[in-house]
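Here's a friendly walk through a protein you may not have met before. Take a moment with the sequence and the 3D view, and then let's look around together.

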Amino acid sequence: MKAFSRLGIFSALAALTPSLAFAHSGGAHVHGFFAGLEHPLLGMDHLLAMVAVGMIGARSGGRSVVLVPLVFVSAMVAGASLSMAGIGLPSLETGIALSLVVFGAMVGLAKPLPLAAAAALTALFGLFHGNAHGLEIPESAGGMAYAAGFVLGTSMLHAIGVLSVFKLARWPMKVRTAGLATSLVGMAMAAQTF
């Protein structure tokens with residue numbers, strides 16, 4: 001019950017401070033590997049989505065543990081490449097907020113989705129997250145270092161999601177509750193974008 005109370009408090013605070021949730025404010029960013037590495041960690045939208053993708057893969061089990069995060073990272077790189085080529089996705093912030101709603105629901109489901117459905121949804125939203133990251137990659141030579149950093153940061157957060165599901169295997173309701181909280185944060189963020 002304590003964990004549920006903490007999750008409720010966390011969700012309420014997130015809903016009351018939504019402007020802090022978006023990692024991409026459009027401002028100037030420090031260039032390089034460490035800036036890319038920290039980017040997924042600084043915005044609640046990216047942080048929650050990346051951890052949820054790892055949780056989705058772990059809950060599905062088998063090959064999904066690796067494939068779901070790999071599909072997300074691949075789509076994220078594709079989305080970043082699109083934005084670097086001058087192609088921005090419409091409703092970018094709304095798409096990212098909706099990713100939290102969908103990913104949270106996927107974690108909260110009693111039964112995990114089949115691999116094909118999980119991979120398709122994570123690929124779709126990976127494009128949005130990647131497009132947002134790509135908008136912030138500097139055009140200088142340090143841009144590749146930034147990209148390498150955000151790929152590594154994303155992968156580390158996926159690993160945290162996977163490990164948390166394995167660690168909480170005896171308490172599946174805690175994992176499902178975390179999914180619900182992620183969806184609630186996503187709903188609050190989506191409401192801000194309309």
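What follows goes from the overall fold to a few helices, then to the core, the surface and some single residues.

**The big picture**

First things first: this is a predicted model. The protein has eight helices and zero strands, so to put it in pattern form, reading along the sequence gives α-α-α-α-α-α-α-α. Of its 194 residues, 46% count as buried. The accessible surface comes to about 9,400 Å², and 73% of that belongs to carbon and sulfur atoms. How much of the contact count comes from residues 24 or more positions apart? Among contacts with a separation of 6 or more, such pairs account for 82%.

**Three helices side by side**

Here are three of the helices, with their number of residues and the reach from first C-alpha to last.

| Helix | Residues in helix | Reach, first to last C-alpha | Expected at 1.5 Å a residue |
|---|---|---|---|
| α3 | 17 residues | 24 Å | 24 Å |
| α5 | 17 residues | 24 Å | 24 Å |
| α8 | 22 residues | 32 Å | 32 Å |

For α3, the reach is close to the expected value. The reach of α5 is close to its expected value too, and that also goes for α8.

Let's start with α5, which runs over residues 92-108. Is this helix enclosed or open? It is largely enclosed by the rest of the structure, because 12 of its 17 residues are buried. The buried ones are L92, T94, G95, I96, A97, S99, L100, V101, F103, G104, M106 and V107. And what covers them? The cover includes α3 (44-60), α4 (64-84), α6 (115-135) and α8 (172-193).

Now for α3, one of the helices in that cover. In α3, 15 of the 17 residues are buried, so this helix is largely enclosed by the rest of the structure as well.

Another helix covering α5 is α8. The buried residues of α8 are V175, T177, G179, A181, T182, S183, V185, G186, M189 and A190.

**Inside: the largest nonpolar core**

The largest nonpolar core has 38 residues, and the members that touch the most others are I56, F103 and F150. Which elements give two or more residues to this core? They are α3, α4, α5, α6, α7 and α8. The largest share comes from α3, with 10 residues.

F150 is worth a closer look. Leaving aside its neighbours within four places in sequence, F150 is in contact with G36, L37, P40, M76, A80, H133 and I137. F103, for its part, is one of the buried residues of α5.

**Outside: a nonpolar patch**

On the surface, F33, F34, L152 and M156 make a nonpolar patch of about 380 Å². The elements that give two or more residues to it are α2 (33-42) and α7 (142-167). F33 is found in helix α2. Is F33 buried or exposed? Somewhere in between: its relative accessible area is 31%, so F33 is partly exposed.

**Where α4 leads into α5**

S91 is found in the loop between α4 and α5. It's not a glycine, yet S91 has a positive phi of about 50 degrees. At 52% relative accessibility, S91 counts as exposed, because the cut-off for that is over 50%.

L92, by contrast, lies in helix α5. L92 has a relative accessible area of 13%, so it counts as buried, the limit being under 20%. Which residues does L92 touch, not counting those up to four places away in sequence? They are F128, N131, A132 and L135. L92 and F125 are 33 residues apart in sequence, and their C-alpha atoms are 10.0 Å apart in space.

**Just after α3**

G61 is found in the loop between α3 and α4. Just after α3, G61 takes a positive phi of about 75 degrees. G61 has 22% relative accessibility, so it counts as partly exposed. In sequence, G61 and P112 are 51 residues apart, while in space they are 9.0 Å apart, C-alpha to C-alpha.

Key. Residues are numbered from 1 along each chain as its sequence is written. This is a predicted model: local features need pLDDT of at least 70, side-chain atom pairs count only at pLDDT 80 or more; totals for chains, interfaces and linings use all residues. Side-chain values use heavy atoms; hydrogens and water are left out. Helices (H or I, at least four residues) and strands (E, at least two) are DSSP runs, numbered from the N terminus. The expected span of a helix is 1.5 Å times one less than its number of residues. Buried means under 20% relative accessible area, exposed over 50%, partly exposed in between (1.4 Å probe, protein chains only). Contact means heavy atoms within 4.5 Å. Patches are made of residues with over 30% relative accessible area and no salt bridge: like charges are joined within 9 Å, nonpolar side chains (Val, Leu, Ile, Met, Phe, Trp, Tyr) within 5 Å. Accessible areas come from the Shrake-Rupley method with a 1.4 Å probe; for residues, only the protein chains shown count as cover. A salt bridge is a side-chain nitrogen of Lys or Arg within 4 Å of a carboxyl oxygen of Asp or Glu. A nonpolar core is a set of buried Ala, Val, Leu, Ile, Met, Phe, Trp, Tyr and Cys residues joined through side-chain atoms within 4.5 Å.
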